[in-house]
Structures are given as C-alpha cells and as structure tokens.
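Colleague: I should be grateful for a close look at one part of this model, namely a central strand and its surroundings. Please set that part in the context of the chain to which it belongs.

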Amino acid sequence: MQENNFICTACPMGCKLIVRMQDGEVVKVVGNRCRRGETYGRQEAIAPQRMVASTVRISGGLHPLLPVYTKGSVPKRRIGEVLAAIRAARVSAPVKAGQVILANVIGTGVDVIASRDMPEYSKSSPENSKHP
Amino acid sequence: MQHKEIYDVVVIGAGPGGLAAAIEAKKAGARDVLVIERDVELGGILLQCIHNGFGLQTFKEDLPGPEYAQRFINEARAVGVEFLLDTMVMDLTPQRRLHLSSRQYGYFTLDARAVVLAMGCRERTRAQIRIPGMRPNGVFTAGTAQRWVNVEGYMPGKNFVILGSGDIGMIMARRLTFEGAKVSRVLEIQSYLSGLSRNYVQCLQDWDIPLQLQHTIKRVIGKNRVEAVETVAVDDHWNFVPGSEEIIPCDTLLLSVGLIPENELSKKAGVMLDPVTSGPFVDERFQTSVPGIFAAGNVVHVYDLVDYVSVAGNTAGTHAARYALDESEVEADYVPLKAGKNVRYVVPHKLDRNALEAGDVQLQLRVTQPIEEDVWLEVRSESASIVRRSERYARPGEMVTILLKPGMAEAVRKAESLTVDVYPKAEA
C-alpha cells in the first residue's frame, strides 16, 4: 500500500489528505471534510488538474489586457501549452464576461472564457475620463 | 450623471464590500444609494486578481476575481445603485457631509443620511518594514506588480525574489512564472505560512518555487536597479542567525508583507480605530463609533476570502439603509467582546445586548499563534460557556468564525462581557 499526502486545494480550508493507493489505483482518501476533497484526492493521485487563469491582448478596450480563465480544470502537465495558446490569442473590444475566447483549448475539451466585461475605450465615456 | 445634494446611503469605495453594501442598502429600502469610486471603473482590487478561487461560498462556483466583481456590478446596476466614478472623497465630517473632487464636477459636496466606509486596505511597504541596504529601482509591493502584469501589461522584471508568504505574493510567484519570469524563492520571516495552504500548493509547490521559512532580507544590493538581495535565517525572536547569509542575484524584489486597513477618511470623520486591526471599532451591524457611519470589508479588518467581505457588506448596507430611513433609533446597550486566549482580535468589538433576538451574529477572529491540532473555539461570559465548536487547526493566516444564535440570547443579555478563546482540545 502506497500513501500520498496532499493539501486539498478545492476550497480555502486546505484539508490534509492521505490518499492510499494499491497497484496504481486509489483505495481510500482520508482527511477530507467534504466530497469535493474526495474527488480532488483521487484526481490528484492519478492525474492532477488545475484551472488556469491568464490574460489575452485586447485591442480597442479600456485596458490592453483581458483577463481570461479555463471554464474547467485542465491536466496540470498541459498548463504550459494552454498558456501558450492564450498568449497567442488576440481579441477586440467590446467583450462580455463569459464570452468564449478559445473554444476547446488545445483539445482539452475546456473553453477559455472572458473573466469580465471589457468596454470599448472611448474618450467621451465618464469611465475613461482618466485617459488622455 | 447628475448628482443630488443628499442621498439616503453613500458608499465610499466600489470594491466587493462597497458593492455588496450598496446592493443590500437598496434592497432594504434606501431610496437613493450612491457609490463613490476614485478609479474609472467599478470592482476594486478584484479586477487585478485574475486567478480563480473566488465565490465558492457566495455562488458555489470557483471564479476569478473579475468575474466575481462583475456579478456584483451587474446586480448593483440592475437594482438602481448610482455611481460617481473617478471621484475622490477628500473629507468626511461626523455629520456625514462629504467633500469631493472629480474631473467632471471639480470640488463639490454632498450629504448622506448614512455612510458606508468601504475603502479596503493598502499594502505594507518597504519603508514600513525597514529593509536595510541600497535604494535602487526594482523593489515593489506584490499588488503593484499584480496591477502591472494583469491589467496594464507590463512585466516589472525577469528574475524575482519575493519577501513574505502572503497570498498575493504566492499568487504573483505563479503568475510571473506563467509569464516567463524566474522566481528564485519566497522568504517568510515567521515559522509558518502567512497565506492560505492551498496557495502554497498550487502557486509554489506546483512550480517548484522554494519557500524558506524563518528567513528574511538583510540587505538590498544594487545602485540603479536591484542586482541581488542578501538573505539571512532568523531565530524565533527574528534575530539574524550569524553565518546563514546568502547572496541571491535578482533584478526585482516583491514584498507581500501584510495589508493595513485604509482609514485616513475614517479618522477625519472622528471614527475610533482599534490599534490591533487598524480598522474602526464596530458593533454587529458594522456601525462605527460615529452614529450613521458604517464600515464593511477590509477597511474593518483584513479578510482572506472575498466571500466574507461580501457578507460584511450585506450587513453594513442593510443597517445603513435602516439608519437612513429611521434616524430616531434608540441608543443601544452593548456587551463588549474581548479577545481571550490565543486570539488576536474579534470582530465585531461589541454586541447589542438584544442583537440575537433579530437573528444570528457571526464573530470573526484571528488567532495569535498557529495550533496544528484539534482546537476548541469558545465564547464565554464571566460565569458560563455560551458556545464552543471545534476546528482541526487554527492558523493566523486563516480567519475563523463562530456563530452566536438566537438560542443564546438570554445568556448574552445577562453577560457583562463576552470573551473568545481558542485552545487545543488536549488542554480542555
């Protein structure tokens, strides 16, 4: 029996998980206080996954960057590829929160979506009065 | 927008605390609610917190900061909250007159029947922790770097050392790594992490960024730009350990060494501040020592989760509206709440003797020292234990809460004062 120790990241409580493995299969997760912890522990022991958040260059917007995130988790070992795809993307304002920026990013089945509305930059808008 | 001369509720700051307060004030019946924000857009610091981890309690979803803010912005607009952006509050009087300045209106004043302070907090700087050495360019707070990298599109350096294991520092360690920079290490003067454990896992451990506990910076090296830092181990009393020095080459030093509630305006209004939290003394409605002036979120004490800030905003907003609509409220009779064994502070600082008749009251507290074993959180009066609940550990970096319920009303009404203790179960 093999034991893996993890700190759960499913929520801010940070439960200390012990994942017991036999022949590459998870036998038991202990130390979790909820079902999300159980799921996290099983996944972490076999194939860790993470959500990814970054920014995309946006033209014509209030800011030069649009924050984006993966709508679900992607395999941890593929985060570098996800980031490269996000870095290569370009969008134009306006954008609405939740808008898909990259569908099915690098074939993971997960969409990269906008984290906020990004209005067009306009001189007359009071929201932009700080800009020259 | 044309502003009015007087509002039922004026909220200062459009971050999560202010937005939640404004929405709830409107829902509680305030006729006009105005949010004043010095930035050109709504959302506050959440806009630069592009990482996920927000909203697990509020929305049962794992959201990035801007998306969390967006939902409150949309709701505030939907319920008819009014906004003054790009506007600075320069002064606030105890009579709730606001002196303001903006590009659109120049200098102007307006009055409020109730005010909610929601100015948030600021980062502790190099000057406040007195790091010796040269004073080159390249020493920034982690939040400043976060704004540049996530909003404005600038990289502040290539090779980083981060001082302090606060959440923003750890999150920036990962973010900078994502953007191709090298983060050599994170140093923490205390013997324990100051941020959340989950951030240690997914920001440092995932990316092989070393964390050195009980280490700090002895000296910054570099004439025009940071060239290196000299690190040193410290003992339990933060004294340098001779011979443990190391020179770490880097071009940028980020500081994640604590947040301080921003209360310059509160002081002008005569609001009394707690020297422990650096925020106002508040009652369970989040009313400050000045009647009609309420406070919500990081301006009161620094939270580690935005979800709790929103809840605090809700409470402050609801009561601000009630105050605005009925100023004839009678003077409350208060029971003081005291920080007991291993408790640094408790918010609220005092409780209306009859508060529990209206519903639950959540006490929020931080411990002084980490206890890595099962603990009791206990609220007691002079004569009796009122409630206790258990936790698997208690850490200074993680705020804990304990709920007072209507069933405890009688015990609270009779108490001279209430004290909160946190202690290992083994000691009980």
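Modeller: The account below begins with the strand and then moves outward.

The model is predicted, so to speak of local features a pLDDT of at least 70 is needed, side-chain atom pairs count only at pLDDT 80 or more, and totals for chains, interfaces and linings use all residues. Residues are numbered from 1 along each chain as its sequence is written, while chains are lettered from A and ligands numbered from 1 in the order in which they are written.

The part chosen is strand E15 of chain B, residues 252–255. Strands (E, at least two residues) and helices (H or I, at least four) are DSSP runs, numbered from the N terminus. Both faces of E15(B) are covered. Thr252(B) and Leu254(B) on one side are buried, as are Leu253(B) and Leu255(B) on the other. Here a residue is buried if 20 or more other C-beta atoms lie within 10 Å of its own, exposed if 12 or fewer, and partly exposed in between, with C-beta atoms placed from the backbone. In a regular strand the side chains alternate between the two faces of the sheet.

Two strands pair with E15(B), pairing being assigned if DSSP finds at least two bridges between the strands. Strand E8(B), residues 139–141, is parallel to E15(B) and joined to it over 3 bridges. Strand E9(B), residues 159–163, also runs parallel to E15(B), with 4 bridges. Leu253(B) is the bridge partner of Val139(B), and Val161(B) likewise stands opposite Leu253(B).

The domain assignment, which is automatic or taken from a database, divides chain B into domain 1 (1–123 + 259–329), domain 2 (125–257) and domain 3 (330–428). The C-alpha centres of domain 2 and domain 3 of chain B are 35 Å apart. Between them, 5 residues of domain 2 are in contact with 4 residues of domain 3, a contact requiring C-beta atoms, placed from the backbone, within 7 Å. The domain 2 side of that boundary has 3 nonpolar, 2 polar and no charged residues. In these classes Ala, Val, Leu, Ile, Met, Phe, Trp, Tyr, Cys and Pro count as nonpolar, Asp, Glu, Lys and Arg as charged, and the others, Gly among them, as polar.

A nonpolar core is a set of buried Ala, Val, Leu, Ile, Met, Phe, Trp, Tyr and Cys residues joined through C-beta atoms within 7 Å. The largest such core has 119 residues, and Val116(B) is one of those that touch the most other members. Helix H8(B), residues 306–325, gives the most to this core, with 9 residues. Apart from it lies another core of 33 residues, including Phe140(B), Met172(B), Val183(B) and Cys250(B). Leaving aside neighbours within four places in sequence, the contacts of Val116(B) include Val9(B), Phe294(B) and Ala320(B).

Chain B as a whole has 9 helices and 25 strands. Its radius of gyration, taken over C-alpha atoms, is 22 Å, close to the 22 Å of the globule rule (2.2 Å times the number of residues to the power 0.38) for 428 residues, so chain B is as compact as a globular protein of that length. Of these 428 residues, 52% count as buried. Among contacts between residues at least 6 apart in sequence, 65% join residues at least 24 apart.

Definitions and conventions:
Contact = placed C-beta atoms within 7 Å.
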